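I am keeping these notes while I look through a structure for the first time. My plan is to take one topic per entry and to write down what I looked up.

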Amino acid sequence: MFANTWNKIISWFRDRSERNRLVRSFNESAREAFVLGEAPAMLEASISRGDPAYKHAFSRWMYSGFRIKIFTGRLLTKDEMIFIGNTILSNEQLVRRLVVLGWDTLEIHGENATYGCKWKLADHIEPINLLNS
Amino acid sequence: MGKVLSWLTQKFGIKSEHQQYKQQVMSETAIVDFSAITHDWEKSKRLYDILKKKCHPDLYTGEQNEKATRLFQMLMEKKYNYTELLKIKELAVKELETTIP
């Protein structure tokens, strides 16, 4: 019993570091693209509260949103936000990883984060039956 | 104490099949490649906007219409993948004899 709980504590810390690593490497890649001039806007990933309505079996109990802020220097159109969101969702491997690391909501926001778009991550991966807690 | 811990793990813990799935996903690759998102999202949007106009089946008749329909379907499926869009561009230039900047 104690070993089981201990394993869960260990895996909680491991997940936490894995989540931070994923966010960090996303931000490094985005910064590199912006500095090299390959992307006209800079993307910045962060962890947000998420939407409680999008919970699944792997969800963290709080801070389960994966938010991407886009710095363009102008107001983003809804189409652009949807395009970026769908680009992320089309990468199945990344979506699966986000889901098992406890994220349940993908949020795309403009610079001032007054409005944005959000998606339920569980709708975009294959074994749905596993996600029903 | 034991009962409390067992209730807590039942309530908030992850089931063994979930743990297996998690290990499977995490072992796919050590590092996720973000370049398709961070580097290419804008390029793929721009190229997709050009291709959807150039490959639209309504612009062609006969045999070329069939080719354009096939290319347009491919375009819809791969619209977020820049490498695939580049391949579609090459195909469009070759099969539809059109110029794409």
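**Entry 1, two helices of chain B.** I began with how H5(B) and H6(B) lie relative to each other, bearing in mind that this is a predicted model. The axes of H5(B), residues 62-77, and H6(B), residues 82-95, come within 11 Å and cross at roughly 170°. An angle over 145 degrees counts as roughly antiparallel, and H5(B) and H6(B) are therefore roughly antiparallel to each other. I then asked which residues of H5(B) meet H6(B). On the H5(B) side I found Lys67(B), Leu71(B), Met74(B) and Leu75(B), and they meet Ile88(B), Leu91(B), Ala92(B) and Glu95(B) in H6(B). Sorted by class, the residues of this contact are six nonpolar and two charged, with no polar ones.

**Entry 2, the outline of chain A.** Next I turned to chain A, where I noted four helices and four strands, and along the sequence they follow the pattern α-β-β-α-α-β-β-α. The C-alpha trace of chain A spans about 55 × 25 × 25 Å along its principal axes. Of the 133 residues in chain A, 35% are buried. I also looked up the contacts in chain A with a separation of 6 or more, and 59% of them are between residues 24 or more positions apart.

**Entry 3, strand E3(A) and its partners.** How many of the five residues of E3(A) are buried? I found that five of the five are, so that I could write down both faces as covered, with Thr105(A), Glu107(A) and His109(A) on one side and Leu106(A) and Ile108(A) on the other. E3(A) runs parallel to E2(A), and five bridges join the two strands; here Ile68(A) stands opposite Ile108(A). With E4(A), residues 116-120, E3(A) pairs in the antiparallel sense, again over five bridges, and in this pairing Glu107(A) stands opposite Lys118(A).

**Entry 4, the nonpolar cores.** The largest nonpolar core has 32 residues, and the members that touch the most others are Ile84(A), Leu98(A), Val99(A) and Leu121(A). At least two residues each come from H1, E1, E2, H2, H3 and E3 of chain A, and H3(A) gives the most, with five residues. Apart from this core lies another, of eleven residues, among them Tyr48(B), Cys55(B), Leu71(B) and Tyr82(B). I followed Leu121(A) further and, leaving out residues up to four places away in sequence, found that its contacts include Val95(A), Leu98(A), Val99(A) and Trp103(A).

**Entry 5, one residue of strand E1(A).** I picked Met42(A), which is found in E1(A), and asked whether Met42(A) is buried, exposed or partly exposed. Because Met42(A) has 18 C-beta neighbours inside 10 Å, this residue counts as partly exposed. Beyond residues up to four places away in sequence, Met42(A) touches Ala30(A), Arg31(A), Phe34(A) and Phe71(A). Its C-alpha atom is separated by 9.3 Å from that of Glu32(A), ten residues apart along the chain.

**Entry 6, where the chains meet.** How many residues does each chain bring to the contact? Chain A brings 31 residues and chain B brings 27. On the side of chain A that touches chain B, the elements giving two or more residues are H1(A), H2(A) and H3(A), and the largest share, nine residues, comes from H1(A). By class, I noted 18 nonpolar, nine polar and four charged residues on this side of chain A.

Notes
Residues numbered from 1 in each chain as written. Chains lettered and ligands numbered in written order. Predicted model: local features only at pLDDT ≥ 70, side-chain atom pairs only at ≥ 80, totals over all residues. Contact = placed C-beta atoms within 7 Å. Nonpolar A, V, L, I, M, F, W, Y, C, P; charged D, E, K, R; others polar. Buried ≥ 20, exposed ≤ 12 C-beta atoms within 10 Å, placed from the backbone. Axes fitted to C-alpha atoms, helices over the stretch in contact; angles between N-to-C directions. Parallel < 35°, antiparallel > 145°, perpendicular 65-115°, else oblique. Core = buried A, V, L, I, M, F, W, Y, C linked by C-beta atoms within 7 Å. Pairing = 2+ DSSP bridges.
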